[in-house]
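Work through the exercises below with the sequence and the model side by side. Try each task before reading its solution.

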Amino acid sequence: MKLPPDVEFHEDIRLLIWKPRGLINESAVNKIITVLGEMEASSAEPFNRFSDTSAAEAADLNFKYIFHVSLFRRFSYRGLPIKSAILATSETHLHYSKLHAILTQGSPIKVRIFQELDAAAAWLGVPIDLLQAQGSSKKAET
């Protein structure tokens, strides 16, 4: 599977990184959800996720859509527990991320929101420079 330009997958440490740029809207979220679903279906092992919204200039989303997406993810992911770290640096992204975290509580998806990159790296157990780099790794073709 060829990944979109804003997505990286590090097979060696089982980490998917999504760094959306510009506007985060329903189309962008639908695209990453599709990628996640396809990767989960084709992978025998779970993988953690890191979403970095710091390069996203705006969000065109709403409560109803986030509610729908979060519940869909909560009930569609049936694998082993995974970590999903979200770097949210704006109030809007922080608001939507908190809503997603609340709605996925009790599922195998353990969502945490961070405003500092080093804290996200520590929670995921990965080097901070891995989360800072964009496009430096080979994109997975599964």
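Buried means under 20% relative accessible area, exposed means over 50%, and partly exposed lies in between (1.4 Å probe, protein chains only). The model is predicted: local features need pLDDT of at least 70, side-chain atom pairs count only at pLDDT 80 or more, and totals for chains, interfaces and linings use all residues. Residues are numbered from 1 along each chain as its sequence is written, and side-chain values use heavy atoms, with hydrogens and water left out.

**Exercise 1. Two histidines**

Task: Place His 100, and decide whether it is buried or exposed.

Solution. Start with the element: His 100 lies in helix α3. Helices (H or I, at least four residues) and strands (E, at least two) are DSSP runs, numbered from the N terminus. Next, take the accessibility. His 100 has a relative accessible area of 16%, so it is buried. Last, list the contacts, meaning heavy atoms within 4.5 Å. Leaving aside neighbours within four places in sequence, His 100 touches Ile 66, Ser 70, Ile 86 and Val 111.

Task: Do the same for His 93, and find its side-chain polar partner.

Solution. His 93 also sits in α3, which spans residues 91–104. Its relative accessibility is 6%, so His 93 counts as buried. A polar contact is a pair of N or O atoms within 3.5 Å; within protein, one must be able to donate a hydrogen and the other to accept it, and residues adjacent in sequence count only if both atoms are side-chain atoms. The side chain of His 93 makes such a contact with the side chain of Ser 90, at 2.8 Å. Not counting residues up to four places away in sequence, His 93 is in contact with Ile 24, Thr 53, Ala 56, Ala 58, Ala 59 and Ala 88.

**Exercise 2. Strand β4 and its partners**

Task: Which strands pair with β4, and in which sense?

Solution. Two strands pair if DSSP finds at least two bridges between them. β2 and β4 run parallel, joined by four bridges. Here Leu 16 stands opposite Arg 49 of β4. β4 and β6 (residues 82–87) are also parallel, over four bridges. Ser 51 has Ile 86 of β6 as its bridge partner.

Now check burial. β4 covers residues 48–52, and five of its five residues are buried. Asn 48, Phe 50 and Asp 52 point one way, while Arg 49 and Ser 51 point the other.

**Exercise 3. Helix packing and the cores**

Task: How are α1 and α2 oriented to each other?

Solution. Axes are lines fitted to C-alpha atoms, for helices over the stretch in contact, and angles run from 0 to 180 degrees between N-to-C directions. The angle between α1 and α2 is about 0 degrees, with the axes 12 Å apart. Angles under 35 degrees count as roughly parallel, over 145 as roughly antiparallel, 65 to 115 as roughly perpendicular and the rest as oblique. The two helices, α1 and α2, are therefore roughly parallel. Residues making the contact include Val 29 and Ile 33 of α1 and Tyr 65 and Val 69 of α2.

Task: Which element supplies the largest share of the largest nonpolar core?

Solution. A nonpolar core is a set of buried Ala, Val, Leu, Ile, Met, Phe, Trp, Tyr and Cys residues joined through side-chain atoms within 4.5 Å. The largest has 22 residues; among those with the most contacts inside it are Leu 16, Val 29 and Leu 61. β1, β2, α1, α2 and α3 each supply at least two residues. The largest share, six residues, comes from α1.
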